[in-house]
Amino acid sequence: MPADSAEGGAVPVPDPERLVHLQFRRFAGCPVCHLHLRSVVRRHAEIEAAGIREVVLFHSSAEELRPHTADFPFAVIADPAQRLYREFGVESSPRSLLDPRAWGPVLWAIARSAVEVARGRERLPAPRQPAGRLGLPADLLIGLDGRVLAAKYGEHVYDQWSVDELLRLAAAARNSVGARGTPA
């Protein structure tokens, strides 16, 4: 999967030395995505120590992403044409926001973002999102050989792996898969 980061550097997926946690998020400045990604940022050292490389995709342009993701310690890929979303079968759906399981996280994310915007620590997302606001998240764990070792396709906007789930899945993958991603 050839891709460039929002900062312009090449992002190797698969990574020849580490598992890759490939996250598909919604749009630059999405309060719900940001809420989740802050938990990833807080535990990034732990994720790296577990031999996992974080790569996050948004269906926004690199220009729009940069102010929202400048302090992220991992690769962020702009995919405004949603080429990789289609390639990996990541969907958009009204259920992303209509599912009652999403309502609490949505309200919490909006409240948290409002405070951070008022403090000048975050920016509001662009009022118009060319790829829409109804994207569903997806998480994939990619092996050294490029095989998808585990996947979660979200049913609503806040349906993704927690950091603890990611760490468990990576440990299980390492226990059942050899160094090159083939069964041990």
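**Exercise 1. Arg-25 and its partner**

Task: Classify Arg-25 as buried or exposed in this predicted model, then find which side chain meets the side chain of Arg-25 in a salt bridge.

Solution.
- Step 1. Arg-25 has a relative accessible area of 1%. The cut-off for buried is under 20%, so Arg-25 is buried.
- Step 2. The partner is Asp-139, with an N to O distance of 3.5 Å. A salt bridge requires a distance within 4 Å.
- Step 3. Place the pair in the chain. Asp-139 sits in strand β4 (residues 138–142), and Arg-25 in the loop between β1 and α1. They are 114 residues apart, so the bridge links distant parts of the chain.
- Step 4. Check the partner. Asp-139 is at 0% relative accessibility and therefore counts as buried.

**Exercise 2. A buried acid without a bridge**

Task: Work out what the side chain of Asp-79 reaches, given that Asp-79 is buried yet has no salt bridge.

Solution.
- Step 1. Locate Asp-79: the loop between β3 (75–78) and α4 (83–87).
- Step 2. Look for opposite charge. The nearest such side chain is Arg-83, 5.3 Å away. The salt-bridge cut-off is 4 Å, so this pair does not qualify.
- Step 3. Turn to the backbone. The Asp-79 side chain reaches the nitrogen of Leu-84 at 2.8 Å. The backbone nitrogen of Tyr-85 is reached at 3.5 Å.
- Step 4. List the contacts, leaving out residues up to four places away in sequence. Asp-79 touches Leu-57, Phe-58, His-59, Ser-60, Leu-84 and Tyr-85.

**Exercise 3. Two further salt bridges**

Task: A search of the whole structure finds 16 salt bridges. Describe the exposure of the partners in Arg-18–Glu-48 and Lys-152–Asp-159.

Solution.
- Step 1. Arg-18 and Glu-48 meet at 3.7 Å, N to O. Arg-18 lies in the segment before β1 (19–24), Glu-48 in helix α2 (residues 44–49), 30 residues apart.
- Step 2. Arg-18, at 25% relative accessibility, counts as partly exposed. Glu-48, at 38%, is also partly exposed.
- Step 3. Lys-152 and Asp-159 meet at 3.0 Å, N to O. Lys-152 is partly exposed at 23%, whereas Asp-159 is buried at 14%.
- Step 4. Look for shared partners. Asp-15, Arg-18, Glu-48 and Arg-53 join into one network.

**Exercise 4. The cavity**

Task: Find which helix gives the most to the lining of the largest cavity.

Solution.
- Step 1. The search finds one cavity of 30 Å³ or more. About 40 Å³ of space lies in the largest cavity.
- Step 2. Its lining includes Cys-33, His-34, Leu-37, Phe-58 and His-68.
- Step 3. α1 (31–42) and α3 (62–69) each supply at least two lining residues. α1 gives the most, with three.

How values were computed:
Residues numbered from 1 in each chain as written. Predicted model: local features only at pLDDT ≥ 70, side-chain atom pairs only at ≥ 80, totals over all residues. Heavy atoms only, no water. Helix = DSSP H or I, 4+ residues; strand = E, 2+ residues; numbered from the N terminus. Buried < 20%, exposed > 50% of the residue type's maximum accessible area, 1.4 Å probe, protein only. Lys, Arg positive; Asp, Glu negative; His and termini not counted. Polar contact = N/O pair within 3.5 Å; in protein donor to acceptor, adjacent residues only side chain to side chain. Contact = heavy atoms within 4.5 Å. 1 Å grid on protein atoms, 1.4 Å probe; cavity = no way out; pocket = protein on both sides within 12 Å on 5 of 7 lines; lining within 4 Å. Points joined across faces, edges and corners; volume = space filled by probe spheres on them.
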